[in-house]
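Visitor: I'm new to this structure and would like a close look at a single part of it. Could you pick one helix, walk me through what surrounds it, and then show me how the rest fits around that?

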Amino acid sequence: MRWRRSERERDLDRELRADLELEAEDQRASGLSAEEARYAARRALGNGTRVKEEVREMWGWTRWDILVQDVRYALRVLRKSPGFAATAILTLALGIGASTAVFTVVDSVVLKPLAYRNSGELVVSWERVAFLGSDPVGPNPRHVDLWRKRATAFTGMATMSQGASGLTLGSAHPRLVGSVACSANLLDVLQVTPLIGRGFLPEDDVKGHDDVAILTYPLWQALFQGDPNAIGRTVRMGDTPRQVIGVLPASFRFPNKNALRSYRSKQAESSVPEPAIFVPAALDLSKYSWNGEYGNRVVLARLKPGVGIRQAETQLTSIQAQIEREMPAGQRFDKPGVLTAFVQPMQEAMVGDARTGLWLLMAAVFGLMLIACLNLANAQLGRALSRQRESALRSALGAPKWRLVWSSLTENLLLAAAGGAAGVALAAMGVSLFRRSSPVDLPRLSEVHVNVTVLLFSAALTLASSVLFGILPALKLLRTDPQASFQQGGRAPCGRQSKRLRTWLIGLQVFGCTVLLLVTGLFSKSLLNLLHQDKGFETGEVAIAEVRLAGGAYDADANRAAFDDGVLRNLRDLSGVRTAALVSAMPLEGESWIEDLHRVDRPQQEGPLINLRWVSPGYFETMRERLVAGRFFEERDRNLSSAVLSEGEAKALWPDENPIGAQVETENRKFTVIGIVADSHSASLKAAPVKTAYLHYKDRPPYVTVFMARGEQPANALVTVMRQAIWKYAPDVTITRVTALDSQLNNSLAAERFQTFVLMSFGTAALLLAMLGIYGVLSYSTITRKQEIGVRMALGATRRKVYALTLGEAGYPVFAGLAAGFIASVAAGRAIEKLLYGVRPVDPSVMLMVAALFLAAAGAAASLPARRAASVDPMEALRSE
Amino acid sequence: MPKESSNRIDLLQGTLDMLILRTVLFGPAHGHQIAKHIQRTTDDVLQIEHGSLYPALHRLERKGWIAAKWEPAGKDLKREFKYYRLTAAGKRQLTAEESKWKQMTGAISRIMWPAEET
């Protein structure tokens, strides 16, 4: 553009020069001297600069000139007030940075389609089983088998279950990797082809031929350093040698066990390894019953193009009805309609509960951004008012109004652009930090990064914010009346209208801030509730270690029991260990091993559901759970069939009688109730205590065992010695986690902590901004009202009155904003109700605290200008008139 | 710029465009020639200030009614001038403006000298 312009400019110069020369020649020909001729020629042409300017205007590229001029002007103005510029840019950088960072996460997790071909066709199919509650569960393998044979709505349907296992190459130490046991067609359903090697064939999915494995790209790099000859090599997974037949492409992502849970009420596990190795499941269907085995598998399917989700669901539900009719006589349900199906998009299944929390953060960060923009708008309005004389002068000299508006918008655009650029840089840094060490386990975390969508978003946000905080002051300029503003003398006029505008801005700020603070308050209270509720157990000084025993020798119950006995002995021998025990499921990771249990004297087809836990003597003592009746497990229970019931379960089965000594039946075995333990939150802090039945571990020694030890000192000291104590007994077992029970508890609340932390920082920032806004408006109005205050005081107003007057000015918007904020927060509370524990969406105590906090803050912000107003010396103020 | 002669008439708005178009109808001309031509033809009644001529030329060029080209001229073809030439669109514009002008002058003269009309 520029070079074209200068060429045209030269062209015009040449043309006008030629005119001058010709005219001068003409004049000379009529007898004038050379000098006179030149002079006459100039006269004939007129004002050369003006001619050029007019011609330029004809060219129509003056807009560019104006822009350059405005940018230069804005830069000059901003350089003259570096304090304001720096504050504005910093505010915008933080606001845009925070919004961009949160949006990056929202975009990558919730909005962006999954990274599979035609990912919109991918669905997860669940089973709904009436007696298991309303939550969809991973289906029974036999049912899935019939779905695959009969359903026509899908191009493919795959099953898979995830776990973690120790993986060894050669003689190296085992490393813990996430494993996926899947049907042979999983990769076909996902439409993924291996980078090298081959995918699974139907033949691989048969017991005895299933000793093959496909590695993900990162595992291939880690184990074989990207050597293509890895194909055909053998790795050992647990005890099973497997031949590597393929490597997946680097871009391949698969949801981990938490992201795609087979049972939705199951809680996220802490530290789940990313899926790294795929093996055939090789299910032997004849080993499974027609009822049960729910919640252990996830069914991924691809819809036929053009088939809707509801259509597929209807089809599966009708197959479910067929299954109910065809089930073998002994296993058939009493009434029909127990089995139905639920189909949902794979993306939805993965993102699930993370969605609400993320949108909440997005709303919060937008609120913060809005408050920041309002603050800047207020500041700019103040600046525009104090620069009214300058703009009046420009206007009087003939500058068109739109030029004034435009140049003021340019200034804002410059500020926003600088803030936006810094914000994007901040966001990129924040996001990469977040991805590397996220405090929460988000689905699709590895996919989170700044991309084009995000950059577009920040650009739009930058533009919107500059308009938001720039348009009001700019419009103010449109109304500038040069004459009036000159008549005001040196005083900056502060019209009633602009004051009302600024009052509105304050009110809006207070409103946004109140909502944000109230939501923050609800979350903080909810987190406090979770932490300080009566858990029913004590975490301090307890260390836990999770061990996974893999097939082979450990397939024999006796060997697992011997292992458990040995490790328990080693743990109890450790100095500093008070009690040691084991349990079959990691505490605080939700419900598992759900079975029905009923009184032997009252057989029921569908008894109430309980969680089964296999524990060792000393478990309740180590967890410090409270005995309600009877006794806890002792060594003698090894040879008895004893059960300890949780209080809730005991009450449900025996509302009026004493259950001690009575018999219960589960899994077709009978147990004698020896004790009742108080209800505890050991399955989850976020849900009501789960009805639980505890059995002695020798009844069925678990494959995944959690050993626990309560020490005399803080648990961290135990963490290392526990690992050694386990390996001392069996050096080759996979220890998946060793940690303090306290940190397991903290992990189980990581999402709540993170949300509360983020909201708190947003809320604090919003409060500070609102305080700044109130302070700014009041101090400005105090300056402009100095004379008025002087007159009032001369007429007898006391200092106290003046003080109250200034405070009152802030009072209206603050109270109005507060009230509106309370009303809006009721709606906000409803939206986040699901994320709160033990707190109602409308909580008077939180409201009271927020109101008190806000009024204190507003009072502090207003008191300084108010004091300044009250200390005005009437004589001085009047003299300066 | 002092007013030199009282018989100079300020151009009516828009007429300059028409005059320029009419002038280049004879053939390509540069700015100075156009100004001189209008001046001479009207016996110096219409003195064109070059200051208004050049913006008008560039405006007409932008509208596509005339086209410009640098061409050598003079006795030895040593100097180059920017020659303006009427385009087809310009010709149509000229016809339109001419008829508008005729209508207007006709209307004005019917009011001013009603007797002559009858």
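Guide: Let's go straight to helix 23 of chain A, whose buried residues pack against helix 22 (750–784), helix 24 (799–831), helix 25 (844–870) and helix 26 (874–879) of chain A. Keep in mind as you look that this is a predicted model. Helix 23 covers residues 786–794, and its buried residues are Lys786(A), Ile789(A), Gly790(A) and Met793(A). Look down the axis of helix 23 of chain A and you'll see those buried residues fall within an arc of 105°, so they line one face of the helix. Now step just past the end of helix 23 of chain A, and you meet Gly796(A), with a positive phi of about 115°.

You can find a similar arrangement elsewhere in chain A. Try helix 12, residues 388–396 of chain A, where the buried residues are Gln388(A), Ser391(A), Ala392(A) and Ser395(A). Around the axis they cover an arc of only 105°, and that puts them on the same side of helix 12 of chain A.

Back to that positive phi for a moment. Most residues other than glycine have a negative phi. Gln225(A) isn't a glycine, yet its phi is positive, about 50°. You'll find Gln225(A) in the loop that runs between helix 8 (217–224) and strand 6 (234–237) of chain A. Is Gln225(A) buried or exposed? Gln225(A) has 8 other C-beta atoms within 10 Å, so it is exposed. Glu541(A) is another residue with a positive phi, about 65°, although it is not a glycine. Its loop sits between helix 16 (496–532) and strand 11 (542–548) of chain A. Glu541(A) has 23 other C-beta atoms within 10 Å, so Glu541(A) is buried.

One more loop deserves a stop. Between strand 7 (240–247) and strand 8 (275–280) of chain A lies Phe254(A). Phe254(A) counts as buried, because it has 23 C-beta neighbours inside 10 Å. What does Phe254(A) contact, leaving aside its neighbours within four places in sequence? The answer is Val180(A) and Pro275(A). Another pair to look at is Phe254(A) and Ala276(A): they are 22 residues apart along the chain, and their C-alpha atoms are separated by 8.9 Å.

Now let's zoom out to chain A as a whole. Chain A contains 26 helices and 22 strands. Its domains are domain 1 (2–60), domain 2 (119–304), domain 3 (354–531 + 751–879) and domain 4 (550–732). If you take the centres of domain 2 of chain A and domain 4 of chain A over C-alpha atoms, 30 Å separate them. Picture a box of roughly 130 × 80 × 55 Å along the principal axes, and you have the space that the C-alpha atoms of chain A fill. The radius of gyration of chain A is 37 Å, while a compact globule of 881 residues would have one near 29 Å. Of those 881 residues in chain A, 43% are buried. Among contacts in chain A with a separation of 6 or more, 82% come from residues 24 or more positions apart.

Chain B is the partner here. Read along its sequence, chain B goes α-β-α-α-β-β-α-α, which adds up to five helices and three strands. Buried residues account for 25% of the 118 residues of chain B. For chain B, 50% of the contacts between residues at least 6 apart in sequence join residues at least 24 apart.

Where do the two chains meet? On the chain A side, 17 residues are in contact with 13 residues of chain B. Helix 1 (2–29), helix 2 (34–45) and helix 3 (48–59) of chain A are the elements that give two or more residues to that side of chain A. By type, the residues on that side of chain A are nine nonpolar, two polar and six charged.

Finally, a word on confidence. The predictor gives the complex an ipTM of 0.80 and a pTM of 0.71. The average pLDDT of chain B is 80, and 84% of its residues score at least 70. Among the elements of chain B, helix 4 (residues 88–112) has the highest mean pLDDT, 90, and helix 5 (residues 114–117) the lowest, 64. Residues 1–7 of chain B have a pLDDT below 50, and this stretch has three contacts in the model beyond near neighbours in sequence.

Terms used. Residues numbered from 1 in each chain as written. Chains lettered and ligands numbered in written order. Predicted model: local features only at pLDDT ≥ 70, side-chain atom pairs only at ≥ 80, totals over all residues. Contact = placed C-beta atoms within 7 Å. Helix = DSSP H or I, 4+ residues; strand = E, 2+ residues; numbered from the N terminus. Nonpolar A, V, L, I, M, F, W, Y, C, P; charged D, E, K, R; others polar. pLDDT = per-residue confidence, 0-100. Domains from an automatic or database assignment. Buried ≥ 20, exposed ≤ 12 C-beta atoms within 10 Å, placed from the backbone. Arc of directions from axis to C-beta. Rg over C-alpha atoms; globule rule 2.2 N^0.38 Å.
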